[in-house]
Amino acid sequence: MKKNILIIENDHDIRIIVEMILQEQGYHTFSTPEPKDITALISFHPDLVLLDEFINNQPGHRLCRKIKQVPALAAVPVIILSTAHNIELIASECEANDFIRKPFDVDDMVAKVLRCIDHQPLAY
């Protein structure tokens with residue numbers, strides 16, 4: 001069974017590219033520029049969340065904190081995507097599992113996804 005990756009990315013082109021790369025790697029993906037309701041994320045049963053740090057001028061790390069507070073999502077790894085110079089600090093403060101600096105190297109992104117998701121059980 002394929003693992004589910006939720007992509008929350010404000011930039012349409014980046015969202016589509018990331019989705020295509022991960023689908024080529026065999027993952028089932030769902031992407032959105034911004035979730036309207038955090039409970040909608042639960043129904044996708046993500047095994048990993050790739051989260052843009054800038055979502056319609058709102059900081060993505062706030063959504064990361066919310067994800068980590070929802071019991072059904074708390075154990076789901078979150079990787080922050082960002083151009084921010086202090087992305088390491090942002091990822092640490094919001095309890096993200098990792099970060100990917102934009103522009104990203106495709107092999108590096110895939111390796112980080114694999115590292116975060118490889119030992120996670122399938123979501124049901």
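## A walk from the salt bridges to the sheet

Welcome to this predicted model, where the count of salt bridges comes to four. Let's begin with those charged pairs and then move out into the strands.

**Stop 1: K102 and its partners.** Select K102 and E9 and show their side chains. They meet in a salt bridge, 3.0 Å from N to O. Now look at where each residue comes from: K102 is in the loop between β7 (98-101) and α5 (106-117), while E9 is in the loop between β1 (4-8) and α1 (12-24). The two are 93 residues apart, so this pair links distant parts of the chain.

Are these two residues buried or exposed? K102 has a relative accessible area of 13% and is buried. E9 is buried as well, with a relative accessible area of 1%.

Keep K102 on screen and add D52. K102 forms a salt bridge with D52 too, and here the closest N and O atoms are 3.1 Å apart. D52 belongs to strand β3 (residues 48-52), 50 residues from K102. At 3% relative accessibility, D52 counts as buried.

**Stop 2: K112 and D98.** Next, select K112 and D98, whose side chains meet in a salt bridge of 3.4 Å, N to O. K112 lies in helix α5 and D98 in strand β7, so the pair ties together parts that are 14 residues apart in sequence. Both K112 and D98 are buried. Before leaving the salt bridges, bring E9, D52 and K102 back into view: shared partners join these residues into one network.

Stay with K112 and add F99. The charged end of K112 sits over the ring of F99, 4.6 Å from the ring centre.

**Stop 3: along β7.** Show the side chains of strand β7. Which of them point to which face? They alternate: D98 and I100 point to one face and are buried, whereas F99 and R101 point to the other and are not buried.

Now add strand β6 (residues 78-82), which pairs with β7 in the parallel sense over four bridges. If you pick out S82, you will find it opposite R101 in β7. Then trace the chain from β6 through helix α4 (residues 87-93) to β7; this β-α-β crossover is right-handed.

**Stop 4: the whole sheet.** Zoom out to the cartoon view. Five strands form an open sheet in the order β2-β1-β3-β6-β7, with parallel pairing. The edge strands are β2 and β7, each of which pairs on one side only. From one strand to the next, the twist averages 20°.

Move to the β2 edge of the sheet. Strands β1 and β2 run parallel and are joined by five bridges. Select L6 and look across to β2: the bridge partner of L6 is F30.

**Stop 5: the aromatic pair.** How many aromatic pairs does the structure hold? There is one. Select F30 and F44: their ring centres are 5.5 Å apart and their planes are at 40°, so the pair counts as tilted. F30 is in strand β2 (residues 28-32) and F44 in helix α2 (residues 38-44), and the pair links parts of the chain 14 residues apart.

Finish by colouring these two rings by accessibility. F30, at 42% relative accessibility, counts as partly exposed, while F44, at 13%, counts as buried.

Conventions:
Residues numbered from 1 in each chain as written. Predicted model: local features only at pLDDT ≥ 70, side-chain atom pairs only at ≥ 80, totals over all residues. Heavy atoms only, no water. Phe/Tyr/Trp six-rings, centres within 6.5 Å; stacked < 30°, edge-to-face > 60°. Buried < 20%, exposed > 50% of the residue type's maximum accessible area, 1.4 Å probe, protein only. Lys NZ or Arg CZ within 6 Å of the ring centre and 35° of its normal. Pairing = 2+ DSSP bridges. Right-handed = clockwise from strand over helix to strand, strands pointing away. Axes fitted to C-alpha atoms, helices over the stretch in contact; angles between N-to-C directions.
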